Amino acid sequence: MMNDANEISHHTMLYGFIGESAGQSSFSATLNKLFKANNKNAMMIPMNIREDDFYYTLVNMKKSHVNGALLAREYTKSIIEILDDASDRVKLSGVCDIVVRDGQKLFGDVIFASVLADVLKKRGAKKIALLGVNGYAKAFCLAAEGFEISYFYDDLEALMQFVVQMQRENADINRIASGMQVNLASYDAVIDFSDFESLDMVCSLSAVNLDINGKKEPSVLRTRAGELGVSYKGFDDVLEETAQEVFEFLKMQKHLEHDKSDMKF
């Protein structure tokens with residue numbers, strides 16, 4: 001779905017939502033409704049791209065009429081070598097989930113972590129249990145000012161290296177591994193960026209449990225939340241918040257200068 005009018009001109013700012021199953025997500029339609037509500041001459045189109053075609057697609061974007069893209073989780077690391085420039089958050093975290101084209105150069109940033117931070121702030125969450133030490137865990141730490149974060153992973157050495165890299169002095173670090181009994185109910189929220197195959201070691205979760213997995217992707221947090229009868233939210237549950245974050249990012253990049261009233265065919 002594009003927008004209700006499906007109007008495109010030579011001045012329409014076109015964006016892609018790139019993923020292996022991007023067409024199964026309602027994200028593009030959600031963002032296009034926001035474009036329309038704000039009278040912006042812009043449109044996002046879902047692009048189902050296989051892994052073998054990803055590099056070719058992004059390299060050719062530099063010379064195309066597509067002005068940028070939001071990337072599904074499976075491509076957030078593959079993009080790094082293609083970028084011409086990137087935000088400090090991308091350079092520190094090693095992940096990138098949004099790109100914009102400036103001339104024939106691609107600039108990358110990371111926004112999904114900021115979306116989760118904003119969702120938690122709106123809920124008044126303070127105490128956060130953060131599972132994992134990957135790039136998105138790093139990106140969340142960079143976006144998560146004002147939270148009291150406890151860090152969890154099965155490899156304590158990797159966890160200690162993580163908090164040192166993120167400059168978290170006196171961090172609350174905790175080992176979590178199969179065979180243990182870990183109670184996370186005292187936290188306002190749990191965020192899972194781990195590579196765990198199961199969360200069976202978690203005997204209690206928070207009232208708010210988040211990751212960035214799509215509904216078609218496996219999620220150990222979704223599975224455990226279902227088993228324990230508590231709330232879970234993934235990518236498809238925060239589409240409006242993500243669309244707003246993308247919209248504001250594009251405005252900041254001066255990509256939404258044309259209104260629909262300015263449309264020229």
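In the predicted model, Ile 173 counts as partly exposed, because its relative accessibility is 28% and the buried class is restricted to values under 20%. Ile 173 lies in strand S9. Leaving aside residues up to four places away in sequence, the contacts of Ile 173 are with Tyr 151, Leu 159, Met 160 and Val 163. The C-alpha atom of Ile 173 is separated by 30 Å from that of Lys 215, a residue 42 positions away along the chain.

Strand S9 belongs to an open sheet of five strands, arranged in the order S9-S8-S7-S11-S13 with parallel pairing. The edges of this sheet are formed by strand S9 (172-175) and strand S13 (209-210), each of which pairs on one side only. Within the sheet, strand S7 (residues 127-131) runs parallel to strand S8 (residues 148-153), and the two are joined by five bridges. Ile 128 is placed opposite Ile 149 of S8. S7 also runs parallel to S11, to which it is connected by four bridges, and here Leu 131 stands opposite Asp 192 in S11. The pairing of S11 with S13 is likewise parallel and comprises two bridges; Ile 191 has Leu 210 of S13 as its bridge partner.

Side chains in a regular strand alternate between the two faces of the sheet. Strand S11 (residues 189-192) is covered on both faces. Ale­rnate positions are distributed accordingly, with Ala 189 and Ile 191 buried on one side and Val 190 and Asp 192 buried on the other.

Helix H5 is mostly covered, with eight of its nine residues buried. These buried residues are Gly 135, Tyr 136, Ala 137, Lys 138, Ala 139, Phe 140, Cys 141 and Ala 143. Their packing partners include strands S7, S8 and S11 of the five-stranded sheet, together with helix H3 (88-93), helix H4 and helix H6 (156-165).

The pair formed by H4 and H5 was examined further. The axes of helix H4 (residues 112-122) and helix H5 (residues 135-143) come within 8 Å of one another and cross at roughly 50 degrees. H4 is therefore oblique to H5, and the crossing is right-handed. On the H4 side, the contact involves Phe 112, Ala 113, Ser 114, Leu 116, Ala 117, Leu 120 and Lys 121. These residues meet Tyr 136, Ala 139, Phe 140 and Ala 143 of H5. By residue class, the contact between H4 and H5 consists of nine nonpolar residues, one polar residue and one charged residue. In an α-helix, residues three or four places apart point the same way, because there are 3.6 residues a turn.

A further open sheet contains six strands in the order S2-S1-S3-S5-S6-S4, and its pairing is mixed. Strand S2 (42-48) and strand S4 (85-86) occupy the edges; each has a single partner strand, so one side of each is left without a neighbour in the sheet. S4 runs parallel to strand S6 (residues 105-109), the two being joined by two bridges, and Asp 85 has Phe 107 in S6 as its bridge partner. Helix H1 (residues 27-37) packs on this sheet, where it touches strand S1 (13-19), S2 and strand S3 (66-71). The direction of H1 makes about 175 degrees with that of S2.

Terms used
Residues numbered from 1 in each chain as written. Predicted model: local features only at pLDDT ≥ 70, side-chain atom pairs only at ≥ 80, totals over all residues. Heavy atoms only, no water. Pairing = 2+ DSSP bridges. Axes fitted to C-alpha atoms, helices over the stretch in contact; angles between N-to-C directions. Parallel < 35°, antiparallel > 145°, perpendicular 65-115°, else oblique. Left-handed = near helix turned anticlockwise from the far one by under 90°. Contact = heavy atoms within 4.5 Å. Nonpolar A, V, L, I, M, F, W, Y, C, P; charged D, E, K, R; others polar. Buried < 20%, exposed > 50% of the residue type's maximum accessible area, 1.4 Å probe, protein only.
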